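Please look at the sequence and the model shown here before reading the report on chain B.

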Amino acid sequence: MSSSATSSVALGGGSAEASASKNTSKRPKYSRFTQQELPACKPILTPKWVILTFLISGVVFIPLGVICLFASQGVTEIVDRYDTDCIPLSSRDNKVRYIQGLEDKRCNRTIMVTKTMKNPVYIYYQLENFYQNHRRYVKSRQDGQLRGPKDEHDVKSCAPEDTIGGEPIVPCGLVAWSLFNDTYDFSRNNEKIPVNKKGISWKSDRESKFGKNVFPKNFQKGSPIGGKSLDQHVPLSEQEDLIVWMRTAALPIFRKLYGKIDTDLQAGDTIKVLLQNNYNTYSFNGKKKLVLSTTSWLGGRNDFLGIAYLTVGSICLFLAFFFSVLYLAKPRQLGDPSYLSWNRSAGGGR
Amino acid sequence: MVRSGSFHVDSSSASHRRTPSRTVTLGHIQPQAPSYRTVYCNDRESNQPVRFKGNSISTTKYNVFTFLPKGLFEQFRRIANIYFLGISCLSMTPISPVSPITNVAPLSMVLLVSLIKEAFEDWKRFQNDMSINNSTVEILQDQQWISIPWRKLQVGDIVKIKKDGFFPADILFLSSTNADGICYVETANLDGETNLKIRKALERTWDYLVPEKAYEFKGEIQCEQPNNSLYTFTGNLVAQKQTLPLSPDQLLLRGCSLRNTEYIVGAVVFTGHETKVMMNAMNAPSKRSTLEKKLDKLIITIFCVLVTMCLIGAIGCSIVTDREDKYLGLHKSDWEYRNGLMIGFFTFFTLVTLFSSIIPISLYVSIEMIKFIQSTQFINRDLNMYHAETNTPASARTSNLNEELGQVEYIFSDKTGTLTRNLMEFFKCSIGGISYGCGVTEIERGIAQRHGLKVQEEQRSTGAIREKGFNFDDPRLMRGAWRNEPNPDLCKELFRCLAICHTVLPEGDESPEKIVYQAASPDEAALVTAAKNFGFFFYRRTPTMVHVRESHVEKMGKIQDVAYEILNVLEFNSTRKRQSVVCRFPDGRLVLYCKGADNVIFERLGNGTDDIRKVTREHLEQFGSSGLRTLCLAYKDLNPETYDSWNEKFIQAKSALRDREKKLDEVAELIEKDLTLIGSTAIEDKLQEGVPTCIETLSRAGIKIWVLTGDKMETAINIAYACNLINNEMKQFVISSETDAIREAEERGDQVEIARVIKEEVKKELKKSLEEAQHSLNTVAGPKLSLVIDGKCLMYALDPSLRVMLLSLSLNCTSVVCCRVSPLQKAQVTSLVRKGAQKITLSIGDGANDVSMIQAAHVGIGISGMEGMQAVMASDFAIAQFRFLTDLLLVHGRWSYLRICKVVMYFFYKNLTFTLTQFWFTFRTGFSGQRFYDDWFQSLFNVVFTALPVIVLGLFEKDVSASLSKRYPELRASMRSRPKVPKK
């Protein structure tokens with residue numbers, strides 16, 4: 001039976017090569033790659049290996065966790081939430097009107113130092129429910145304009161804080177516009193503690209991202225006013241509060257460095273904070289906190305790493321123990337073919 | 001030729017791009033009868049008005065101008081690319097949180113890689129075309145031969161082709177340097193058959209050999225329009241006011257080459273894309289793997305996940321943003337922030353852009369690359385699948401189906417040439433009711449072994465001859481001993497019949513040791529070889545004569561050369577199932593020799609010799625049950641008057657322009673009757689090496705093997721026994737049309753009645769078997785089941801009303817043997833299981849009759865390295881031996897499946913983690929759609945940073961070694977039962 005109609009036939013081409021290669025051997029050349037014989041290893045998870053691996057991880061992780069936890073515990077941290085407390089009782093039912101008002105918003109806070117804090121003591125402000133990572137917010141800035149005066153007029157991406165009366169705002173955009181403007185003054189026993197506000201920003205930001213010859217222009221001239229105003233005679237590279245602020249936070253709860261205290265704070269010290277409560281977080285139910293903290297080699301206070309290490313380490317140790325018991329109580333010969341699926345199903349009867 | 005060097009093999013001409021159809025068509029395509037083309041030979045001016053196509057061919061898909069638009073169009077037919085195009089467009093708009101580069105970069109990288117690949121492949125095709133178009137041929141111009149490139153050849157030109165040269169177009173054969181106007185052609189490029197074919201020019205045109213003479217030739221060829229039927233050609237040559245009929249014998253096809261002939265002269269009939277071989281160039285039907293289809297579903301699911309995520313984000317955003325977030329400057333309201341609905345709407349698209357990476361853009365490209373390397377480097381170069389004897393390595397003709405090999409559950413195998421060697425050896429014969437030949441077949445030995453009988457060592461009589469094609473051992477017939485047998489005359493007729501009635505070509509030296517027989521089928525060669533060994537040595541064929549060197553005919557030891565004039569050849573075809581030759585002896589005796597299938601011959605026997613008929617039938621059954629292939633031989637003496645009147649009809653039929661084949665068959669029927677039975681021959685068809693072991697391994701792997709064969713039921717069952725498919729512990733269901741009830745109905749002869757009876761019987765049998773099968777399956781440790789069904793019953797069982805029953809019965813059986821099935825039925829059975837049972841099927845076969853089956857299955861495998869390329873051309877993989885299936889399925893298929901599954905999972909998990917992080921972050925940004933990753937990181941994540949690990953996994957991952965997976969084939973079964981791709 002012929003089925004020539006369906007068969008596909010080689011084209012006229014290629015025929016010359018075909019007959020030329022007729023006499024040569026078509027035996028494939030041997031290579032480990034093509035024969036799929038490249039050296040390889042596949043660890044077999046024998047009980048000993050598994051138990052040993054868990055044991056070692058447990059033994060390594062638990063001390064690590066302890067060390068991390070100690071480091072974290074060694075950090076002293078004082079957190080003081082003041083957003084509600086700094087509103088006079090009479091204005092508490094309409095906080096937004098108060099904060100937008102013109103009256104003096106000074107506020108006194110007292111902080112007790114429970115443990116000695118070695119210098120430098122870092123001062124942070126912590127904002128909560130503030131979506132500094134909001135897409136509309138994040139993209140409302142112009143890095144070129146911050147870097148040099150050349151791009152001053154390039155404010156396209158800064159909307160809605162781009163121009164005022166046709167003149168470009170420097171620095172433009174929502175991020176700069178909403179610059180945090182609460183201020184803190186610290187005193188101990190009526191003696192002022194100096195706050196060092198130099199070097200609180202990233203060096204690379206100061207040196208290359210914010211220009212030495214860029215000066216604020218038309219900043220906070222519109223209404224409403226978003227936050228802090230900037231000195232028109234200080235270049236952006238020295239406006240460290242702005243630089244810190246412009247490095248937007250990744251999460252809606254964030255801390256930003258306000259300054260450093262270069263003296264030790266002794267245990268039992270009472271620190272008075274004279275606070276200028278200007279920043280409006282009330283309209284979006286944001287919280288404001290003042291944080292004083294020392295650091296360790298691991299950074300600020302964060303128990304997570306230590307706890308994670310401890311948890312995983314203990315689970316490993318437990319599993320090592322569990323598998324050892326299982327192995328001793330009910331040992332099974334390695335490579336027993338009767339456990340193979342087809343042997344098992346045959347045994348079960350079909 | 002075999003273009004496996006492409007990612008998908010959708011190689012071939014775009015200009016002939018037909019929609020790849022899955023339907024299986026069989027048989028010839030009818031030539032377009034009503035329209036003719038008229039070609040004026042040697043007269044370019046006269047041919048001018050018709051505007052025949054030129055001879056240059058182009059198989060390229062693109063040209064310089066169409067490359068970009070067409071290439072891009074092809075790329076964007078892929079849904080994933082469209083998706084990413086959409087996302088890229090979105091990312092250009094201000095609502096996008098990411099810069100356009102994030103989506104444009106990977107898309108353009110993917111497109112670039114695909115386009116470069118396309119361009120490279122097309123360039124290779126172009127160069128190939130150019131080298132073909134520029135090869136030279138000599139044509140007649142102004143009485144001399146002038147060399148011109150092929151592409152300038154025109155219809156009607158007179159060309160000269162030298163020895164071993166290729167024909168540049170379809171050429172009408174006019175004259176040859178050989179005597180009698182014949183030439184030999186090799187058609188290996190067309191059908192893969194390496195034996196030479198004879199072409200014969202019309203006697204009137206023999207003289208046009210030298211340029212001076214050929215210049216005078218002014219003929220007019222009227223012939224059919226170009227078509228793709230390789231084996232038909234009808235037309236007339238009008239020369240010197242005479243009309244001469246043309247047949248395929250005078251047509252030399254493009255792609256063939258001239259052999260054993262110094263040179264020939266011919267007239268060009270079809271050129272370029274109108275040649276038969278180019279009309280046949282067809283796209284292999286592109287098959288997609290099941291896994292790929294699942295992948296599409298998975299991608300749709302993932303897309304739904306994406307939409308859900310975006311909806312959640314959009315709703316969240318419209319709720320959260322609807323507040324006095326002073327720092328967002330909403331008081332200076334942009335229009336999109338006017339109300340919550342608006343915000344949600346825009347945020348939705350923002351998020352779609354942001355989360356677009358959840359759909360892995362490079363997934364398809366990576367998988368294609370992996371599969372490509374797997375097939376070209378691993379499968380094609382596996383030394384375990386290299387067959388040294390035939391010098392054939394395995395070849396993956398498509399790289400789409402690698403992992404499909406790992407999921408195959410049903411194998412449909414052809415018998416001849418696949419399970420068996422197709423190495424035919426003359427083994428036994430029966431002459432005038434006496435059986436000769438005392439060998440024991442492999443199958444008999446196998447049966448005996450299973451019965452626990454001891455197999456006696458083969459005792460060969462001294463001086464028994466053994467050569468390729470001849471394994472006969474019986475001193476009663478050798479060296480003229482047949483003269484002393486009861487029927488020496490019948491013996492003589494048998495030997496003559498073997499020596500004369502065939503279409504074999506002798507090649508090489510005319511001595512019994514050195515001669516090589518070129519035959520269309522190994523059976524024929526074996527029969528002629530047998531005649532040679534019996535002392536009837538066929539040594540020369542001219543178009544009209546067959547020369548036989550006969551020994552011991554008149555008296556012992558006398559050798560004489562006898563030339564028989566061949567008057568007519570009634571050729572073999574599958575409907576006739578027989579072949580006849582009318583020849584005239586030197587003494588004037590007119591004889592018709594006929595050989596063919598037993599039932600066909602028995603139908604046409606004359607009266608008398610009933611006892612011989614009965615005994616021969618018994619012998620035939622014996623031979624059949626030993627797994628031998630049988631043929632019946634008969635002859636008939638003709639008287640000159642009847643012959644002459646018949647011959648006139650024959651010549652008329654032969655020159656008919658329409659339905660020539662049908663008319664020839666009818667005429668043949670007139671003379672092939674009242675035959676005298678001589679006897680029968682039995683040829684052993686040896687099993688391929690390692691078939692029983694391979695089958696056992698595969699069935700342990702949970703693969704069910706069906707044998708579909710055109711052979712007799714007894715032969716099929718025996719082969720099944722020999723290769724371990726059936727054994728005596730199995731319960732056998734046999735549904736045969738050879739039952740009394742059916743035979744009775746057949747004798748009554750009413751076609752409608754026969755059909756009804758058979759259908760009833762089949763239904764009854766099926767019902768009974770199914771009940772028994774279900775009963776035995778319910779009992780614990782019941783015997784395994786097997787089903788044997790023949791083609792006639794199958795025809796009715798495939799009827800829609802019985803199909804379900806057949807399917808459920810056969811699915812319960814471990815092995816199924818279908819015998820006497822036609823190629824179409826093979827395909828039907830395959831698609832029955834494929835569609836009805838939703839199982840992955842594989843078909844393996846070697847011949848043209850397996851093409852339909854190969855194309856119908858999920859995976860088609862062709863046996864290469866033998867004669868006949870048609871199966872290979874239609875297949876997805878080609879291997880040289882059946883036993884290589886073990887490696888292909890258990891090693892390559894299994895690993896490919898494992899690897900591709902892991903790659904897919906790797907991709908989805910990697911992209912899910914990547915995107916879900918982003919999704920989580922969205923909650924922490926007030927659903928604003930702020931991005932978490934850097935633009936460049938996101939754009940290069942898939943196409944660069946994580947591209948290599950996946951590919952490495954896809955190439956090197958192994959769970960167990962190759963030797964282990966072959967030793968424990970059950971591993972494959974256990975892998976298949978566990979879904980590897982998570983269903984979401």
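The report below covers confidence, two annotated regions and one sheet.

This is a predicted model, in which local features need pLDDT of at least 70 and side-chain atom pairs count only at pLDDT 80 or more, whereas totals for chains, interfaces and linings use all residues. Residues are numbered from 1 along each chain as its sequence is written, chains are lettered from A and ligands numbered from 1 in the order in which they are written, and side-chain values use heavy atoms, leaving out hydrogens and water.

The model has an ipTM of 0.86 and a pTM of 0.74. For chain B, the mean pLDDT (the predictor's confidence in each residue, from 0 to 100) is 81, with 89% of residues reaching 70 or more. Over residues 978-984 of chain B, however, the pLDDT is below 50. Where pLDDT is low, the predicted coordinates should not be read in detail.

UniProt, in an unreviewed entry, lists residues 298-321 and 341-365 of chain B as "transmembrane region"; such annotations may be inferred rather than shown by experiment. Helices (H or I, at least four residues) and strands (E, at least two) are DSSP runs, numbered from the N terminus.

| Region of chain B | Helix | Strand | Distance between end C-alpha atoms |
|---|---|---|---|
| residues 298-321 | 96% | 0% | 34 Å |
| residues 341-365 | 72% | 0% | 39 Å |

Chain B also holds an open sheet of three strands, ordered β7-β6-β12 with antiparallel pairing, where two strands pair if DSSP finds at least two bridges between them. Its edge strands are β7 (196-200) and β12 (257-259) of chain B. Strand β6 (residues 182-186) of chain B is joined to β12(B) by three bridges, and Y184(B) has R259(B) as its bridge partner in β12(B).

Definitions and conventions:
Contact means heavy atoms within 4.5 Å.
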